[in-house]
Amino acid sequence: MRLFINESDLNRFKRRAARGYPREVYGIMLGKRLANRTFKIMQIVIPPIVEATYDYVIPDYGKIEEIVSTSDLDYIGSIHSHPQAPPTISTHDYQYWDKDRVVGILSVRKRNIYKVTELKFWRKNAALPVKFKTFKPGENGRNKSG
Ligand SMILES: [Zn+2]
């Protein structure tokens, strides 16, 4: 499995996660399935949150369903931040894993005035992270023809 991610949406999510620090920030990834087990993430949407702590976020699942059903894209997975923790699956992440969806984890650590991030994507029960690349939204046409 491979992911191509809209760079501007990913950067926007990173900024939101840095601003939200030290709380977790959560988003859902919408996109399309391409050939060869490749998924293109075109949008990262931040749904309303029911509860946010320093360890986990409970999103409004009803709203997520609404967002997905009114979108013409597929629900590929979710992404959330791990403030001051590594980008690996926590017990909570494992327990609340949504079927076979991809889970992205953005580690956000504070280094003096800077916030440093590290991003990894996971599939359930896979030992290695999912490979990913970003694309610039303006490159859509070029990707299709190439
Ligand atoms: Zn987590």
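**A seven-stranded sheet and its helix**

Reader: How many bridges join β7 to β8?
Author: In this predicted model, β7 and β8 run antiparallel. One of the pairs along them sets Ile-105 against its bridge partner Lys-120 in β8. The number of bridges that join β7 to β8 is nine.

Reader: Which residue takes a positive phi in the hairpin of β7 and β8?
Author: Most residues other than glycine have a negative phi. The hairpin of β7 and β8 has two residues between its strands. There, a positive phi near 50° is taken by Asn-112.

Reader: Moving to the other side of β7, which residue is the bridge partner of His-82?
Author: β6 and β7 run parallel and are joined by seven bridges. Within this pairing, the partner of His-82 lies in β7, and it is Ser-107.

Reader: In what order do the seven strands form the open sheet?
Author: The pairing in this open sheet is mixed. β7 and β8 run antiparallel, for instance, whereas β6 and β7 run parallel. The order of the seven strands is β8-β7-β6-β2-β3-β1-β9.

Reader: Which are the edge strands?
Author: The sheet is open, with its seven strands in the order β8-β7-β6-β2-β3-β1-β9. An edge strand here pairs on one side only, and that holds for β8 and β9.

Reader: Which residue stands opposite Asn-6?
Author: β1 and β9 are parallel partners, with five bridges between them. Asn-6 has its opposite number in β9, namely Phe-135.

Reader: How many residues of β2 are buried?
Author: β2 has partners in both β6 and β3: six bridges join it antiparallel to β6, and six more antiparallel bridges pair it with β3. Tyr-26 stands opposite His-80 in β6, while Lys-32 stands opposite Lys-40 in β3. β2 is mostly covered, and of its eight residues the number buried is six.

Reader: Why does Arg-37 count as exposed?
Author: Arg-37 is found in the loop between β2 and β3, and it has a positive phi of about 50° although it is not a glycine. A residue is exposed if 12 or fewer other C-beta atoms lie within 10 Å of its own. Arg-37 counts as exposed because its C-beta neighbours inside 10 Å number 9.

Reader: How many C-beta neighbours inside 10 Å does Gln-84 have?
Author: Gln-84 sits in the loop between β6 and α3. It is not a glycine, yet its phi is positive, at about 55°. Gln-84 also counts as exposed, since its C-beta neighbours inside 10 Å number 12.

Reader: What is the omega of the peptide bond from Tyr-21 to Pro-22?
Author: Most peptide bonds are trans. The bond from Tyr-21 to Pro-22 is cis, and Pro-22 is found in the loop between α1 and β2. The omega of this bond is near 5°.

Reader: How far apart are the end C-alpha atoms of α1?
Author: α1 has 14 residues, and at 1.5 Å a residue it should span 20 Å. The model agrees with this expectation, because the end C-alpha atoms are apart by 20 Å.

Reader: What arc around the axis of α1 do the buried residues cover?
Author: The buried residues of α1 are Asp-9, Leu-10, Phe-13 and Ala-17. They fall on the same side of α1, which follows from the arc they cover around the axis: only 100°.

Reader: Which residues on the other side of α1 are exposed?
Author: α1 lies across several strands, including β1, to which it runs at about 80°. Its buried residues are covered by elements that include β1, β2, β3, β6, β7 and β9. On the other side, the exposed residues are Asn-11, Arg-15 and Arg-19.

Reader: Which element gives the largest share of the largest nonpolar core?
Author: This core has 24 residues, and Leu-3, Met-29, Ile-41, Ile-44 and Ile-76 touch the most other members. The elements that give it two or more residues are β1, α1, β2, β3, β6, β7 and β8. The largest share is five residues, and it comes from β7.

Note on methods
Residues numbered from 1 in each chain as written. Predicted model: local features only at pLDDT ≥ 70, side-chain atom pairs only at ≥ 80, totals over all residues. Core = buried A, V, L, I, M, F, W, Y, C linked by C-beta atoms within 7 Å. Buried ≥ 20, exposed ≤ 12 C-beta atoms within 10 Å, placed from the backbone. Helix = DSSP H or I, 4+ residues; strand = E, 2+ residues; numbered from the N terminus. Pairing = 2+ DSSP bridges. Contact = placed C-beta atoms within 7 Å. Axes fitted to C-alpha atoms, helices over the stretch in contact; angles between N-to-C directions. Expected span 1.5 Å × (residues − 1). Arc of directions from axis to C-beta.
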